[in-house]
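These notes are meant for a colleague who is opening this structure without having seen it before. They are arranged as numbered points, to be read alongside the view below.

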Amino acid sequence: MTTHRFAAGWKPALLALLLCLGGSLQATDAPSTAKYPDYPSETPAHFKPSTSSFDYTERDVMIPMRDGVKLYTVILIPKGAKHVGIVLTRTPYDAHALTHHMLSGHLGPMLEGYDNATDVIVEDGYIRVIQDIRGKYRSQGDYVMNRPIHGPLNPTPVDDATDTYDTIDWLVKHIPQSNGRVVTIGISYDGFEPLMSLIHPNPALKAAIPMNPMVDGWMGDDWFHHGAFREQNMSYIYEQEASRDNSDLWWTNYHDEYDLFMHYVSAGALGRAYGMQQLGFWNKLVANPAYDAFWRDQAVDKVLAKQPLKVPVMLVHSLWDQEDIYGALAVYRAIKPKDTSGNMVKLVMGPWHHGQEIENGSSLGAIRFGSDTAKYFREHILRPFLAQYLKDGAPKANLAPVTAFQTGTNRWQRLNRWPISCDSGCPDKSRALYLEPGMKLGFNAPKGGPAYDEYISDPAHPVPFRARPIQPIGYSNGLTWSQWLVDDQREASGRTDVLTYESSVLTRPLTIAGVPVVHLVASTSGTDSDWVVKLIDVYPDQVAAQPEMGGYQLPISMDIFRGRYRTGYDKPEPLTPNKPLTYRFDLPAANHVFLPGHRIMVQVQSSWFPLYDRNPQTFVPNIFWAKPADYVKATQRIYHAPGEATYIDLPVTP
């Protein structure tokens with residue numbers, strides 16, 4: 001074994017060596033003053049795609065408005081287009097994304113999706129224009145939800161009407177391939193925009209096609225229904241207003257949205273927990289829970305009722321529109337009286353969910369229609385209508401004033417008016433469908449028996465609006481939000497806090513075409529209450545062609561009413577406890593035949609959660625800020641006694 005020994009003084013020598021090496025390492029790590037060889041990026045500063053094989057050209061432009069704000073606009077022009085019309089959509093949902101669903105050299109795949117009836121717009125060779133509205137995505141300016149027209153709610157000189165006018169003016173002057181004709185079209189919020197184009201319309205606007213439009217957010221579209229707040233729509237408000245590009249996303253720690261909304265008690269408390277007090281529209285909404293001037297002055301049907309009718313309009317309504325079931329028909333009622341020629345206003349009613357008219361319309365949920373009803377609309381209604389107003393020399397579209405799909409019989413109808421009135425010759429002498437003792441329904445007013453039925457409404461256990469777990473609002477990843485209006489109602493009819501009344505088996509068809517009107521006589525032990533009424537078609541227990549439909553309880557028309565507005569939507573008042581009071585309100589329009597072998601059902605309940613916020617059943621000034629102690633159980637009584645009869649006025653037709 002060999003032993004190594006260090007000479008005296010080794011420590012100072014080693015230290016000197018380490019210091020030398022450290023200095024050398026530091027010098028090596030330091031940035032060099034010598035210039036490296038150039039090694040340029042392989043990505044060009046501005047790449048220009050080669051699109052010579054594409055069947056369209058794309059122009060992305062910033063169109064200036066009268067106040068100097070510029071709006072991002074995508075213009076898609078078919079190759080070889082000459083003297084063709086323009087189909088314009090204005091949107092808060094990202095014009096670039098809506099025109100680039102799939103990167104393709106063919107225009108069809110590019111446009112496939114929301115708002116784009118591709119099989120008509122592309123095949124017929126129109127110029128397609130989609131624009132981000134003011135304040136959203138790539139457009140400049142400030143965003144305001146459904147920006148009201150210039151007036152008390154909007155002191156600025158610009159609104160969606162002026163922006164549409166200015167956009168059309170620019171388009172017809174700067175697209176040499178166009179023939180100077182423009183039609184506005186859109187669904188939902190995008191359906192609100194064609195309605196705005198009717199206000200002081202640009203001369204180049206030849207027609208407007210509002211589909212499932214947002215019209216009156218308080219009466220029966222997105223935010224309230226008869227005063228009850230649509231709580232599940234808070235996620236939409238959050239994402240729409242928190243950022244220009246909707247990049248701030250709603251979040252939740254709950255799989256079941258029923259649990260989410262129960263946890264925070266009131267909508268106001270949930271909004272505060274999510275920081276929604278930073279959002280302008282949320283603050284306006286919470287501050288205006290009643291139907292005051294804020295809502296009345298921006299209700300589009302009321303605005304258009306004061307305007308001259310200068311442009312042809314085709315309103316498209318879905319009978320099972322789970323979002324905007326009020327708007328299209330409200331506008332129809334407002335503007336149809338101005339149509340003195342009978343040719344300016346067309347109405348289409350299909351058996352669809354919100355926006356389904358541009359998708360496959362063969363079925364909705366479990367319900368089958370025997371044909372692709374949406375394709376029929378696009379081919380036989382939308383196509384000739386667009387051609388009439390956009391194509392040079394096109395024939396006048398052979399459209400009835402009203403084209404309506406009748407559910408039950410599953411057939412299209414050409415009608416002269418809507419609703420169809422039952423003037424004479426109706427097979428039923430009475431149109432009043434009465435709730436009767438013994439949980440029965442009939443067309444004869446009750447003459448005796450128990451005066452009422454009752455149930456306990458407990459805010460701690462509200463009735464779900466569909467089977468749990470409650471999914472969030474959405475159209476992808478397997479979500480079935482679009483189907484909830486046709487959900488089988490057996491889930492509710494089995495609860496003790498839902499009263500269910502049923503007719504005898506029908507021996508002949510019963511046809512309704514119009515608005516069922518509820519005349520509810522009810523009392524509550526509380527000082528406020530919600531009332532949900534559902535009109536339902538009950539299938540036979542055995543359905544040979546579709547066994548899974550045996551006993552299915554199909555909703556035909558249903559809605560909610562907030563009791564505090566019994567005497568006026570603008571003046572909430574407490575209810576007198578335990579006193580029978582009459583509540584009158586409309587259900588959504590129906591065009592349906594109850595077939596022989598079916599039954600008619602009516603359900604009554606006091607919550608529809610979490611689609612609508614819970615009524616605490618104690619009168620408070622503003623339910624958005626109800627406290628946990630305000631939520632109390634209530635005994636609800638539904639009356640069916642002589643002089644105090646509950647009934648639904650059915651629009652029965654021959």
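1. Helix α6 lies across β3, β5, β6 and β9 (313–318), and its direction makes an angle of about 135° with β5. Helices (H or I, at least four residues) and strands (E, at least two) are DSSP runs numbered from the N terminus, while lying across a strand rests on contact, meaning heavy atoms within 4.5 Å. Axes are lines fitted to C-alpha atoms, for helices over the stretch in contact, and angles run from 0 to 180 degrees between N-to-C directions.

2. Before going further, please keep in mind that this is a predicted model, in which local features need pLDDT of at least 70 and side-chain atom pairs count only at pLDDT 80 or more, whereas totals for chains, interfaces and linings use all residues. Residues are numbered from 1 along each chain as its sequence is written, and side-chain values use heavy atoms, with hydrogens and water left out.

3. Taken as a whole, the chain contains 15 helices and 29 strands, and its C-alpha atoms fill a box of roughly 120 × 80 × 55 Å along the principal axes. Of its 654 residues, 57% are buried, where buried means under 20% relative accessible area, exposed over 50% and partly exposed in between (1.4 Å probe, protein chains only). Among the contacts with a separation of 6 or more, 74% join residues 24 or more positions apart.

4. Which strands stand at the edges of the 10-strand sheet? The sheet is open, has mixed pairing and follows the order β1-β2-β4-β3-β5-β6-β9-β10-β13-β14, and its edge strands are β1 (56–64) and β14 (411–415), each of which pairs on one side only. From one strand to the next the twist averages 20°. Two strands are taken to pair if DSSP finds at least two bridges between them.

5. At the β14 end of this order, strand β13 (residues 402–406) pairs with β14 in the antiparallel sense over five bridges, and V402 stands opposite L415 in β14. The hairpin formed by β13 and β14 has four residues between the strands, and G408 takes a positive phi near 95° there.

6. Helix α5 also lies on this sheet, across β1, β2 (70–78), β3 (84–91), β4 (127–132), β5 (178–187) and β6 (205–211), and runs at about 150° to β3. The axes of α5 (residues 160–174) and α6 (residues 189–197) come within 8 Å and cross at roughly 80°, which means that α5 is roughly perpendicular to α6, a term that covers angles of 65 to 115 degrees. In their contact, D160, A161 and T164 of α5 meet F192, E193, M196 and S197 of α6.

7. A second helix pair is formed by α7 (residues 234–242) and α10 (residues 280–287), which pack at an angle of about 140° with their axes 9 Å apart. Here M234, I237 and E241 in α7 meet G280, F281, W282 and L285 in α10, and these contact residues divide into five nonpolar, one polar and one charged. In this count Ala, Val, Leu, Ile, Met, Phe, Trp, Tyr, Cys and Pro are nonpolar, Asp, Glu, Lys and Arg are charged, and the others, Gly among them, are polar.

8. The largest nonpolar core has 169 residues, of which I209, W282, L285, W418 and I638 touch the most other members; helix α14 (residues 373–390) gives the most to this core, with nine residues. Such a core is a set of buried Ala, Val, Leu, Ile, Met, Phe, Trp, Tyr and Cys residues joined through side-chain atoms within 4.5 Å. A second, separate core of 10 residues includes Y72, L98, L107 and I130.

9. An open sheet of three strands has antiparallel pairing in the order β24-β19-β29. Its edges are β24 (590–594) and β29 (652–653), each with a single partner strand, so one side of each has no neighbour in the sheet. Strand β19 (residues 510–514) pairs with β29 over two bridges, and I512 stands opposite V652 in β29.

10. Two loop residues may be set side by side. Q298, in the loop between α11 (293–296) and α12 (300–305), is buried with a relative accessible area of 15% and touches N146, P148, L153 and V215, not counting residues up to four places away in sequence. K35, in the loop between α1 (10–29) and β1, is exposed with a relative accessible area of 71%, and its C-alpha atom is separated by 75 Å from that of I335, 300 residues away along the chain.

Key
Parallel < 35°, antiparallel > 145°, perpendicular 65-115°, else oblique.
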